Every structure is written in structure tokens, then in C-alpha cells.
Amino acid sequence: MTDTAWIDTALTSARPQAVGALLRYFRNLDTAEEAYQNACLRALKTWPQNGPPRDPAAWLIMVGRNVAIDDIRRHRKQQALPEDEAISDLDDAEDALAERLDGSHYRDDILRLLFICCHPDLPATQQIALALRIVSGLTVKQIARAFLVGEAAMEQRITRAKARVAEASVPFETPGAVERSERLAAVAAMIYLIFNEGYSASGDTAEIRSPLCEEAIRLARLLLRLFQSEPEIMGLTALLLLQHARAAARFDVDGAVILLDDQDRRLWNQAMISEGLALIDKAMRHHRSGPYQIQAAISALHARADKPENTDWTQIDLLYGALEVMQPSPVVTLNRAVAVSKVRGAQAALDMIEPLEQRLSNYFHYFGVRGAFLMQLDRNDEARVAFDRAISLANTSAEAAHIRMHLDRLMRDSKPRATTASKK
Amino acid sequence: MMYAILCYHDEDAVGSWTKEQDAAVMKKLAVVQDKLTKQGRLGPVARLLPTTAATTLRKDDPPLVLDGPFAETKEQLLGFYLVDCKNLDEALEVARDLGAANPGGAYEIRPVGMFTPGRVLA
């Protein structure tokens, strides 16, 4: 690391706590962010000379607060009459100055920050953009790049989100137990969405977007430290780690998708897999199952198989069955059908997905999977129809290319069969 | 005399390192480790997984399993074991057996991410 890289790392890791505490004092997202930025500027000036403070977050909170209060005072002198409300708010803030930074607010501060980003008035796209900006501290440019949109558009999305949060009455009190668990679920969902933004990237954009996966994992670990005994948060963290562990094996050099069965398993990240497996073990001890835990357990069964043929498909089928009960969705059934095809054959799997056709009539994966089952049953003409439909619904060029590969294989297989019928 | 060198750092900060930063640190450490290995002085080296993956067994009667790392400050680190286990339950079983033999205090059970056995030449 270069001699100033440690400052960046310290600032990044202290950010959620510092912005969270500043938000508690100022009750305004913009003021809190600005105070944090000012504190960072001072840190960049003084830390290289004086060395790192013992507690970087406490330092940033203290300095950020002092700078912001000075600003408010200076600003107020130029006004004719101060607003009563502003004064009483400020007094509160000054009282708080005396309060020790002993970390007792740590949990609530970070939660408040996360909860604000997951405000129910915000659409999901704004939630994740706001969280990446406010909690993770990515620059607008970085976020725009990861979402493959222009910087101006992303700036606008974040500004809108902030305005909505400011308009809505954001409760600054610590929420009660019921509300907390509801909002915890919203935060978990938001983290999962951030991860998926990175994970669903196609080969040509995977590199640009994979920081989203890493950021989601960081946020999940942060949440888990706040809720150490919450099995679903363990499950979520495990799920993200186990999925991301396969990152290096998921695309070939041309950016084409490599399916799980064809991946070079030596490229899987073993440290991430171990961490994911350890978290599932922890979660299971609570005997309170949930969708994240089940999905993590499915991922774990793939991770545990050193070769595709050693995959425990029977267990995966059962887990998807449990997930169907907990979270009924045609997409879950479609995934289950893949496991069923391995355990009970393509016909059983096809029977399972046929009733879904109406609801998944615009879903790329439905036709990809259907085509694959039909191909296994040697119903090649029908398979071709399904693959053609899949290509027309493909979201990325990599998806389309992958289906074309199946079509090519059909062509290859069917031609010799028509003439010699001997070639395998 | 054998010395244990225990590594403490801000987990958030280390967790924020990029892959490249992490690799660069590991590479610099490897230089020091290689020297010790050649001299036959380096024993086991382990890098632990994050504290979020930790479980703590309080050696009370009956023993109490808690999620998360050991968090008390009134007890001190006095030793450690490295045990090969299939899963957390197996590790907890080992910890319970050890705890029964030596009650009081706590064991933090933390999965090991990276491990080199090392070899000290007598």
C-alpha cells in the first residue's frame, strides 16, 4: 500500500458510523454528509503529519460536528432573526458534545442510516443508489459506472431520493422491536438488490459491476455485526459470499456465460466458501429457517461438490420445495425443475414447468430451461422453438449467445443423425 | 522459546482493502515468512475469517453458546487450539469437551481462512 492508502481505508471503514452519528446530531442528510466531508478534508491534512487517531470514527464525528456547528453559527450571524427551532436543535447538538463517544450509539446510528436509505417511499433503484452513496461512500461517478448510466442521471436519481427522504417524515427515534424487524427485512432486501446488480452483469460488464457485489458483502457483514444472532442475516451474508465465490469462473475470456456444470471449480474462492459455510452452520443452530438461509444452503451444496456429478440434487430439490412453500413464485419452481430434471429426469421437470408458461411468457430463463429439457427428451423441433423464443427475450448479448450455442448443438446433433445416425 | 504473535487490526479497515491491496500486503508478509521458514523457525500461520463467522462458548454450567466473537474485556487470551472439524457443531463439541475439563472463561470458535502448517526445526 502507498503511504496514504491507509487514510483512504480508515475513512472508508469509519464512514457509516461517522455519517450515522452526524445524522443523529443534525437530523439532515445533507448537513451530515457535508460535515463528514469536511472532517475528511481535515483528516487528509493532519493525519499524515500526526499519524492516525486511535479511533478514526470518533475523530471524524468530533471534527465534523465542530465544523458544521461553526458553519451554522457563522451563517446565523448574517440572518436578522434566528429561527427558534434551529436554536433548540442546535442546543441539543451542543449538549451532545459532552457525551462520550463510547460506541453506545453505534448500532442505532448505523441502523438509522440504513433505514433511511430503505425508506418505503423510495423505489428500489433509488434505495440502492442512496445506500451506495451515503453508507458506502462511493462517488456518484463510481455508482453511475456500476449501474451503466450517465453521471448526470445518477446524480439526479440520488438528489431525488434525498429530496423524498427530506419530505417524508423520517423518524429519528430508535424504532421498536416490530418495526425494527420489518425494516431489517427491507435493509436485507436492499443489500440483496445491490448484490444482484453486480451479479447479474453480463461478461463484458462483469468487471465494472463486480464492486457492487463486494460492497453488498461489506454491508451484509456490517448488518450482521449489528444483529449477531439473526439467522436470516447470517443466511444473507452466506448467500452473497457463496455466490460471489464463483465470480472468477463464471465467464470465459470472451465474456460468455459458463454454466455451473462447466465451471472450473478450482477458480472458486475457497476463503469465501469457508466463510459462507461457517455462517450457514451458525444460522442452522437457531432452527428458524428463512428464504435467505435456504438459498444459501442450496448454494452451499453446489460449493461442497468438487465435481458437478457429485452435486446433491436430491437435497437441492427438497430445499427448493421448502422455498416454494415459504416464498411461492414461478421462478422458484423453475429453478426447482432444474434439480428435478437431474433427480427424476427431463419429463418430470417439463411437467413441472408447463403450468408456468402463462406467467413466465416473457421470461428469458423459462424458455432457455424449457428448451434444454426438450432437447434432453430428443424433441428437437420443439426445443428449437423454445430457444428461438429465449433469444428474442434475452436481456444481454451474453444470454443470447449462450442460447445460440444450444441451437448450434441442436443443428450439429440433428444433421448427422439424419444421415448416419451413428455419431455421438 | 516459542513466541506466539497475535495479530490485531481494525476488521472493517482490513475488510475494505481491495483485492490488490490485500495481495500486496500478503506478498510483503511472505518475504518475512520465507526468511523464517528457511531458518526453520516458522510454526503454523493462520488467517482467521471475520468475527461475523465466530461463535462463542461460555464455559459456564451448563455451557452457553453465543453468536459472535468473544466480547468481554475482563478475561485475557491465554492460549489457542487449531482443530480440524467437519462443521461448527463438531467444533463446538470439541470446545465443550475441553470446557468440561477446564471450566470457567470462554472459547471463541472461529473458522480459519488460510493456514500454513509451518515446521520448526528443533
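Biologist: Is E93(B) buried or exposed?
Modeller: In this predicted model, E93(B) lies in helix α3 of chain B. A residue counts as exposed if 12 or fewer other C-beta atoms lie within 10 Å of its own. E93(B) has 12 other C-beta atoms within 10 Å, so E93(B) is exposed.

Biologist: What distance separates the C-alpha atoms of E93(B) and E11(B)?
Modeller: Along the chain, E93(B) and E11(B) are 82 residues apart. In space, their C-alpha atoms are separated by 28 Å.

Biologist: In what order do the elements of chain B run?
Modeller: Chain B has three helices and five strands. Read from the N terminus on, the order is α-α-β-β-β-α-β-β.

Biologist: What percentage of the residues in chain B is buried?
Modeller: The C-alpha trace of chain B spans about 45 × 40 × 30 Å along its principal axes. Chain B has 122 residues, and the buried ones make up 16%.

Biologist: Which elements of chain B each supply at least two residues of the side that touches chain A?
Modeller: The contact takes 22 residues from chain B and 20 residues from chain A. On the side of chain B, at least two residues each come from α1 (11-15), α2 (19-38), α3 (88-101) and β5 (112-116).

Biologist: How do the residues on that side of chain B divide by type?
Modeller: The side in question is the one of chain B that touches chain A, with 22 residues from chain B. These residues divide into ten nonpolar, eight polar and four charged.

Biologist: Where does the largest nonpolar core lie with respect to the domains of chain A?
Modeller: This core has 123 residues, and L22(A), L60(A), C117(A), I191(A) and A216(A) have the most contacts inside it. Helix α1 (residues 5-26) of chain A gives the most to this core, with ten residues. Both domains of chain A give residues to the core, so it lies between domain 1 (1-104) and domain 2 (105-228).

Biologist: Which residues is C117(A) in contact with, leaving aside its neighbours within four places in sequence?
Modeller: C117(A) is among the residues with the most contacts inside the largest nonpolar core. Its partners beyond those neighbours are Q127(A), L130(A), A131(A), I134(A), V135(A) and M190(A).

Biologist: Which element gives the largest share of the side of domain 1 of chain A that touches domain 2 of chain A?
Modeller: The assignment for chain A gives domain 1 (1-104) and domain 2 (105-228). Their contact takes 15 residues from domain 1 and 14 residues from domain 2. On the side of domain 1, the elements giving two or more residues are α1 and α2 (29-50) of chain A. The largest share, nine residues, comes from α1(A).

Key
Residues are numbered from 1 along each chain as its sequence is written. Chains are lettered from A and ligands numbered from 1 in the order in which they are written. This is a predicted model: local features need pLDDT of at least 70, side-chain atom pairs count only at pLDDT 80 or more; totals for chains, interfaces and linings use all residues. A nonpolar core is a set of buried Ala, Val, Leu, Ile, Met, Phe, Trp, Tyr and Cys residues joined through C-beta atoms within 7 Å. A residue is buried if 20 or more other C-beta atoms lie within 10 Å of its own, exposed if 12 or fewer, and partly exposed in between; C-beta atoms are placed from the backbone. Helices (H or I, at least four residues) and strands (E, at least two) are DSSP runs, numbered from the N terminus. Domain bounds come from an automatic or database domain assignment. Two residues are in contact if their C-beta atoms, placed from the backbone, lie within 7 Å. Ala, Val, Leu, Ile, Met, Phe, Trp, Tyr, Cys and Pro count as nonpolar, Asp, Glu, Lys and Arg as charged, and the others, Gly among them, as polar.
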